[in-house]
Structure formats: C-alpha cells, structure tokens
Amino acid sequence: MASGSVNLEEIPYESLMNELLRRMKCAPKPEKRLILIGPPGSGKGTQSPIIKDEHCLCHLAAGDMLRAAVSAKTPLGIKAKEAMDKGELVSDDLVVGIIDEAMKKPSCKKGFILDGFPRTVAQAQKLDEMLERQGVKIDKVLDFAIDDAVLEERISGRWIHPASGRSYHTKFAPPRVPGVDDVTGEPLIQRKDDSAAVLKSRLESFHRQTQPVCFLFP
C-alpha cells in the first residue's frame with residue numbers, strides 16, 4: 001500500500017456508511033464560501049457548526065489551522081513557527097497561504113466558513129487576491145451584530161471548569177453552588193480574556209479594525 005494511503009478494510013463499517021450518506025446528502029448542495037465577522041461572544045462559535053453541517057462546508061478557524069500547520073511541520077508551518085519563536089506576529093501572507101492549503105482538502109469541496117480571518121482590511125485584500133487567483137470569491141459575509149452592553153453581560157458572567165471545559169454563567173446558566181463545578185465540586189475560574197477591561201479593549205479593536213471588512217464583500 002502506498003505511503004499515506006488508507007486501508008478501507010480497517011475503517012469501521014458504521015464510519016464508512018456515515019461518510020457515504022454524508023456525501024450523498026452533500027452532493028446536490030451549491031458551493032458557498034462564507035466569512036463570519038463578529039465581536040467576541042457574539043455567537044460565531046455556536047452558529048458555525050450548524051451552518052457547516054447544513055451546507056456541507058468545512059470550518060476554517062485561522063488559529064486552529066495555524067497550530068495544525070505548525071504541528072504538522074508543513075513548509076508554511078515551519079516558517080510560522082520561526083516567526084512565533086522570535087516573538088513576531090505571523091505575517092498575513094503566511095496565514096493566507098495556510099488558508100489556501102486548507103481550502104484544497106476534500107472536506108472543503110462544497111466551500112468553507114472562514115472564522116477568525118480576515119481581521120483587518122489589509123488581510124481581507126490579501127485573501128481576496130488569493131481567491132481571485134483560484135477563480136472563486138466570497139459569497140457572503142455573515143455579520144454577527146450585537147450590542148456591546150449585551151456582550152459585556154454575556155462574557156463577564158462566564159465561569160469555566162478548567163479540567164472539563166464545562167462553562168457556566170452567573171445569570172444564564174449558574175452552577176448549583178456559586179463558584180463550584182456541579183459535577184466535581186472543584187472551583188471554577190474566570191479567564192483573563194473574560195474580564196470587562198479586556199473585553200472593552202477587544203471590542204474597541206474589533207470596531208476599529210475588523211468591522212470595516214464587512215463592507216469589502218457582498
């Protein structure tokens with residue numbers, strides 16, 4: 001068997017059938033290329049799996065793709081790691097290149113949801129240039145518009161159980177005992193990014209740098 005090939009006999013029958021049924025369901029679906037734009041806590045992470053499954057798209061999260069490329073030691077991943085080891089930001093060209101590679105996977109045949117990139121107008125222009133070389137374009141930008149005051153209430157009330165990832169909210173989904181995980185009884189923590197001060201800074205950055213991206217695409 002050639003290196004890198006998969007022996008289908010070793011794959012469980014149920015997994016094969018599920019994948020076959022998925023491909024049959026996806027075959028008639030039109031291609032879509034979407035960008036999700038929204039401030040932290042706006043619901044992108046909740047909605048993207050629903051959109052992905054409904055339209056048979058792949059979910060391209062910039063941070064996840066970057067970490068995967070570094071872990072896999074792809075040529076672009078090696079360059080990205082070199083920049084990170086020096087304490088530098090990974091260049092837009094490198095990130096766009098990693099997205100370009102990811103888009104060619106079979107799971108992206110029907111299109112993709114791009115999440116976490118572009119964050120600036122300059123990044124959007126580089127992405128557009130790359131897509132134009134491939135003869136495709138962004139079909140829609142989904143703008144998760146939500147009032148900053150609502151986001152502050154939503155995010156500043158979040159508490160996490162570090163070991164399991166279970167999340168709670170002081171107002172919307174409180175633990176049975178304040179500050180304590182329902183299952184283990186262990187203490188909950190609040191992430192630094194969930195503080196009101198950090199959120200304010202992130203929202204200012206979003207409104208200044210990322211929101212204008214919405215006006216560059218349909």
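The following exercises with worked solutions concern the disulfides and one helix residue of a predicted model.

The model is predicted, so local features need pLDDT of at least 70 and side-chain atom pairs count only at pLDDT 80 or more, whereas totals for chains, interfaces and linings use all residues. Residues are numbered from 1 along each chain as its sequence is written, and side-chain values use heavy atoms, with hydrogens and water left out.

**Exercise 1.** Determine which parts of the chain the disulfide of Cys 26 and Cys 56 ties together.

*Solution.* A disulfide is taken as a pair of cysteine sulfur atoms within 2.5 Å. Cys 26 and Cys 56 meet this criterion, with an S to S distance of 2.0 Å. Cys 26 belongs to helix α1 (residues 13–26) and Cys 56 to the loop between α2 (44–55) and β2 (58–61), so the bond ties together parts 30 residues apart in sequence. Helices (H or I, at least four residues) and strands (E, at least two) are DSSP runs, numbered from the N terminus.

**Exercise 2.** Establish whether the disulfide of Cys 58 and Cys 108 is left-handed or right-handed.

*Solution.* The sulfur atoms of Cys 58 and Cys 108 are 2.0 Å apart. The torsion about their S-S bond is about 105 degrees, so this disulfide is right-handed.

**Exercise 3.** State whether Asp 100 is buried or exposed, and identify the residues that it touches.

*Solution.* Buried means under 20% relative accessible area, exposed over 50%, and partly exposed in between (1.4 Å probe, protein chains only). Asp 100 has a relative accessible area of 19% and is therefore buried. Contact means heavy atoms within 4.5 Å. Not counting residues up to four places away in sequence, Asp 100 touches Met 130 and Gln 134.
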